[in-house]
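Trainee: I'd like a close look at a single part of this model. Please take me through it step by step.

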Amino acid sequence: MNANSDVQVSVLGLGAMGSALAGALVRGGYATTVWNRSPGKADELVAQGARAVAGAGDAVRAGDVVIVCLLDHASVREVLGPLEGELAGRSVVNVTTTSPEQSRELAAWAAGAGIAYLDGGIMAVPHMIGEPGASILYSGSGDVFDQYKPVLDLFGDSAYFGADAGLASLYDLALLAGMYVMFAGFLHGAAMVAPAGVKAGDFAARAAPWLSAMTGAFEGFAEVIDGGDYTVAGQQSLHFSDLGDLLAATSGQGISTEVVDMVQRLIRRQIDAGHGEEGFARIIESIRQQAD
Ligand code: NDP
């Protein structure tokens with residue numbers, strides 16, 4: 001018997017991520033019931049102290065809170081749909097990646113069925129779960145978040161964004177947008193220096209601290225955006241930010257200009273609209289309007 005055994009936790013889905021979450025629960029001392037569609041995935045967790053059951057319904061009945069970590073929205077619907085009756089009165093925390101609309105749809109279905117629903121977006125890879133740096137974004141039922149926060153905190157930093165079940169997913173995707181564009185920017189740089197004989201590894205060693213340092217600019221951009229005045233003194237102007245030289249150097253290396261072109265187009269739209277003396281943060285206005 002351990003300190004946390006009064007809360008029964010069930011996990012549906014033992015893929016790479018579901019197994020990592022279940023492992024963190026077992027290590028955290030919670031009575032953990034696990035289920036997976038295909039057999040054989042629970043063996044290691046059972047050896048650590050989890051209880052495996054043959055049916056998703058068995059897992060639902062065993063849990064005060066049911067953590068759902070399946071492939072996608074369709075698989076969540078497929079598994080939870082027939083269990084509506086068993087789930088009524090229980091708490092579901094769905095950390096399966098879904099779109100904001102899908103999260104809202106699940107929340108509406110849950111509300112109709114008397115299920116307390118919290119949606120989550122995982123900002124980590126499986127080996128990070130329970131380690132510093134992992135975070136999970138939640139929105140939906142504040143009661144579920146508050147009641148089970150000690151459970152959720154075993155996965156990583158738990159952040160709650162409010163009652164709109166789609167907001168965690170939206171935040172998750174917005175953060176991924178930043179990550180992918182940054183990755184593309186890094187790879188562009190690596191492709192640029194490669195014809196000069198620079199190894200990607202050498203470039204990465206230089207790019208990582210540089211890009212980390214540049215994140216320090218976010219706060220200043222955010223202040224300008226939230227203040228609504230792009231003319232605030234002390235900013236780098238859009239004219240100054242013109243990427244013509246960068247594009248020429250890119251072409252000179254015989255590689256695609258697509259990554260830099262994208263940023264240049266956002267800058268040019270604001271300059272062409274007469275805002276060239278205003279700060280770089282103004283390109284958010286290009287992003288806010290769909291391009292023709
Ligand atoms: P996996 O592909 O490793 O596992 C998928 C899981 O979903 C398996 O348990 C699989 O069961 C189950 N599944 C798929 N379809 C169905 C279905 N129709 N009915 C029942 N079970 C089904 O994925 P991950 O564990 O890596 O990811 C799970 C979720 O976590 C995803 O939504 C993913 O986007 C999210 N996530 C994952 C991250 C990662 O780095 N891995 C990072 C952030 C989020 P079976 O074993 O039977 O196939």
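How accessible is Met182: buried, partly exposed or exposed?

Mentor: Met182 is partly exposed, because its relative accessible area is 39%, and buried means under 20%, exposed over 50%, partly exposed in between (1.4 Å probe, protein chains only). A word on the ground rules. This is a predicted model, in which local features need pLDDT of at least 70, side-chain atom pairs count only at pLDDT 80 or more, and totals for chains, interfaces and linings use all residues. Residues are numbered from 1 along each chain as its sequence is written, and side-chain values use heavy atoms, leaving out hydrogens and water.

Met182 sits in helix H8 (residues 167–193). Helices (H or I, at least four residues) and strands (E, at least two) are DSSP runs, numbered from the N terminus. Together, Tyr180, Met182, Phe183 and Leu187 make a nonpolar surface patch of about 430 Å². Patch members have over 30% relative accessible area and no salt bridge; like charges are joined within 9 Å, nonpolar side chains (Val, Leu, Ile, Met, Phe, Trp, Tyr) within 5 Å. A salt bridge is a side-chain nitrogen of Lys or Arg within 4 Å of a carboxyl oxygen of Asp or Glu. Areas come from the Shrake-Rupley method with a 1.4 Å probe; for residues, only the protein chains shown count as cover.

Now set strand E4 (residues 65–68) beside that. Val65 and Ile67 point one way, Val66 and Val68 the other, and all are buried. Gln264, in helix H12 (residues 258–272), also counts as buried, at 11% relative accessibility.
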